[in-house]
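This report covers a sheet, the helices beside it and a set of charged pairs. Please keep the model open while reading.

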Amino acid sequence: MVYKLETFTFPTKSLYVKDLEFYSSTLAITHLDRKTLCLELQNVLAKFSIYAKPEASEIICIETEENSNTAELSIGYRPYLFDFLNDMKSKYELIVYTRLNWRFAKPVVDAIQRKKKYFSHVCCEELCVFANLPCAVKCIDFLCTNRTSSDIIVVDTQAATLPFNRENLVYVGSYEERNSEDQELIKLAKFLDVIYKKKM
């Protein structure tokens with residue numbers, strides 16, 4: 001079944017942000033003079049799977065269960081990923097905001113940041129909304145206690161993942177690993193550069 005945003009009613013904001021005060025206090029802003037750029041991990045920055053893929057940029061080992069079982073995770077980095085991150089790090093506060101489980105997201109972020117730290121925070125499914133919804137969605141309220149909503153940009157491949165803050169969403173096409181000519185991050189960087197220069 002394909003769910004459409006208009007087919008169900010979202011709960012009020014006061015109902016779905018879990019431990020808002022705790023998470024807000026642990027996500028201190030790192031650059032007072034910059035906008036915050038929240039980037040989805042899967043399909044925006046990279047594509048990864050527990051299935052072996054010959055076109056993967058690298059393969060890492062992750063813990064899959066609480067009893068410490070492990071599995072190999074194939075990661076395909078989107079073309080121009082590191083050029084994009086190096087450029088954006090000098091202009092924005094960078095945060096990973098993904099609907100993925102921490103157990104999957106953290107190793108991928110660690111692999112991306114193996115040589116250089118790009119992200120101030122990594123926010124996973126515990127900061128997504130689940131109540132009365134067919135799937136988890138994102139909300140930026142937990143960031144707004146020490147940031148201005150208008151200074152937060154969320155990049156995702158699905159518009160329906162940010163129903164409460166649509167004005168903050170920047171949509172990009174989903175990355176397909178075999179597409180070596182993918183230029184979405186180049187286009188996104190140009191768009192974000194325009195926003196950055198307007199703020200200066």
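Which residue is the bridge partner of K47 in β4? The partner is G76. The model is predicted.

## The sheet

K47 and G76 belong to a wider pairing: β2 and strand β4, residues 70-77, run antiparallel and share four bridges. On β3, the pairing with β4 is also antiparallel, over six bridges. Within β4, I75 is the bridge partner of E58. Strands of a sheet pair through backbone hydrogen bonds, in either a parallel or an antiparallel sense.

Together these strands make an open sheet of three, in the order β2-β4-β3, with antiparallel pairing. Its edge strands are β2 (46-49) and β3 (58-63), each of which pairs on one side only. From one strand to the next, the twist averages 30°. Helix α4, residues 102-112, packs on this sheet. The helix touches β2, β3 and β4. Its direction makes about 140° with that of β3.

## The buried side of α3

Helix α3 spans residues 81-89. L81, F84, L85 and M88 are buried there. These residues lie on the same side of α3, because they cover an arc of only 95° around the axis.

What do the buried residues of α3 pack against? Among the strands, they pack against β1 (36-39), β4 and β5 (93-97). The helices α4 and α5 (184-199) are also packed against.

## Salt bridges across the chain

Side chains of opposite charge can pair when their charged atoms come close. Taking N-to-O distances within 4 Å as the cut-off, the count comes to twelve salt bridges.

One of them joins the side chains of D151 and K35, at 3.0 Å from N to O. D151 sits in the loop between β8 (137-138) and β9 (152-156), and K35 in the loop between α2 (20-26) and β1, so the pair ties together parts that are 116 residues apart in sequence. Is K35 buried or exposed? K35 is buried, because its relative accessible area is 13% and the limit for buried is under 20%.

A salt bridge also joins the side chains of E58 and R114, at 3.1 Å from N to O. This pair links distant parts of the chain. E58 is in strand β3, while R114 is in the loop between α4 and β6 (121-123), 56 residues apart. R114 is exposed, with a relative accessible area of 52%. E58 thus appears in two settings: as the bridge partner of I75 in β4, and in the salt bridge with R114.

## Salt bridges in α4 and a network

D110 forms a salt bridge with K106. Their closest N and O atoms are 2.9 Å apart. Why are D110 and K106 separated by about one helical turn? They are four residues apart in helix α4, which means a separation of about one turn. D110 is partly exposed, with a relative accessible area of 37%. K106 is partly exposed as well, at 28%.

Other charged residues form a network. Salt bridges that share partners join D87, K91, D193 and K197 into one network.

Definitions and conventions:
Residues numbered from 1 in each chain as written. Predicted model: local features only at pLDDT ≥ 70, side-chain atom pairs only at ≥ 80, totals over all residues. Heavy atoms only, no water. Pairing = 2+ DSSP bridges. Axes fitted to C-alpha atoms, helices over the stretch in contact; angles between N-to-C directions. Contact = heavy atoms within 4.5 Å. Buried < 20%, exposed > 50% of the residue type's maximum accessible area, 1.4 Å probe, protein only. Arc of directions from axis to C-beta.
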